[in-house]
Amino acid sequence: MGIMRVDQALDQGTALARCEEALQRARDPEVRSALIVTTDARAQREARRSDERRLQGRRRSELDGVPITFKDVFEVAGTVTTAGSRARSAHPPAGRDSFLVRRAQQSGLVTVGKTNMSELAFSGLGVNRIFGTPVNPNDAALVPGGSSSGAAVAVAAGVAPLAVGTDTSGSVRVPAAFCGCVGFRASRHRYGPHDFAPLSPTLDSVGLLAATLDDIVALDRVLAVHRPPVPAPTGVLRAVVPAGEWIDDCTPGVRHAFERALAALGGHVRIDIVRLTTLDRAQRLMDRFGTIVGAEAYARYGRLLASSAALEPATRRRLAANVGTGRTIGAVRSAMLPLRRQLRLELAGAVLLCPTVRHEPPRIDDLLASPARYDACNASTLRTTMVLSYLGMCGVSLPLRGRNGRPTVGLLASLPEHEDDRLLGAAGVISRVLEAGA
């Protein structure tokens, strides 16, 4: 079974039948590592109640009875929230659900499990040597992308048509690109309070993954609690492609896929290539002083370096690399809000378009053979999405096919914070054009 849309899931009989199919699929060997735990009893109970509501004509939402997964940073009552780390495995089971899990249940969605992830959500590669690396459905030898690796694989491999993850530096957008699904980084608090296990409270945000943009829009419609009004779009959609490293540093395969997409969009979207000084300045600041994510990750988890906690070697290296970032990060923090305002002015209402990641997913074995290569690849994987998170951008990654015909490349559409509805509308235009030209 491959990637599944919501409408296909709804065609599969009862909610209980869909639930059982999802739980069975989660146990398949090539998918098992995508989930840290399945919530069988809960899922079956929620599915039965959904079927009862359907028979009584009182469905709670358009997604009542649809299976969904949550990244293992969200509390699901009765399960341990590991954040993908053995260091948290001894924590007591959660006594109650996180806000967003409760909201999904109140809308009739069926929680079938909690998805695997990069340890502590602190990597863009999705490798997890403790719980097993989720298998990229395009090629098992390739990284799935992270940190919401299991969420993307659960969608792309057909466990559930919908998944909730988190995106701090690219953790939904990257795995969506590498695994061939749609990933949406929402503006902060669009879905309510952030009562999940944090990595960087300043930049953490919730993200959604699904097979299609329509499914993302449907889930957003059900879950969103903060939807500031935005002007209705008028005229031809305008887009800006940033000149400089955002395109120049891409591999030939990524650049080819992106340029093909731009060519298809050309008759429907006004596209300008522009040097965005805000992007350049933000990247220089982080290159010089470090990242807010690194500083806050060390502040929260740096103590584990001196403990007997079983951390993956790559996690230890990333934490150790940020020992001094707390002393230098002030310049990055103080520039953040002015840069966000400046970028909004530079875009002047245009959608920012660029590749989600500048390279195709690398081979896992190649990275594990060289710590230096692993760390360099992690940094390059997140280089585009990291700076856009810092600048407060919400973003949608749409799948593109690489030269090998597999969907391992993403086209990223982004807009300033709280312009989510306008972004989803623009992404709909882009998605329809690309699908028509496929």
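Two strands pair if DSSP finds at least two bridges between them. Strands (E, at least two residues) and helices (H or I, at least four) are DSSP runs, numbered from the N terminus.

The model is predicted: local features need pLDDT of at least 70, side-chain atom pairs count only at pLDDT 80 or more, and totals for chains, interfaces and linings use all residues. Residues are numbered from 1 along each chain as its sequence is written, and side-chain values use heavy atoms, with hydrogens and water left out.

**Exercise 1.** Find the strands that pair with β9 and name bridge partners.

Solution.
1. Strand β7 (residues 237-242) runs parallel to β9 and is joined to it by two bridges. Ala239 stands opposite Val351 of β9.
2. Strand β11 (residues 409-415) runs antiparallel to β9, with four bridges between them. Here Leu352 has Ser414 of β11 as its bridge partner.

**Exercise 2.** Decide whether β9 is enclosed.

Solution.
1. Buried means under 20% relative accessible area (1.4 Å probe, protein chains only).
2. Five of the five residues of β9 (residues 351-355) are buried, so the strand is largely enclosed by the rest of the structure.

**Exercise 3.** Locate the largest nonpolar core.

Solution.
1. A nonpolar core is a set of buried Ala, Val, Leu, Ile, Met, Phe, Trp, Tyr and Cys residues joined through side-chain atoms within 4.5 Å.
2. The largest has 99 residues, and Leu353 and Tyr390 touch the most other members.
3. Helix α17 (residues 420-437) gives the most to this core, seven residues.
4. Domain 1 (6-223) and domain 2 (238-437), with bounds from an automatic or database domain assignment, both give residues to this core, so it lies between them.

How values were computed: Buried means under 20% relative accessible area, exposed over 50%, partly exposed in between (1.4 Å probe, protein chains only).
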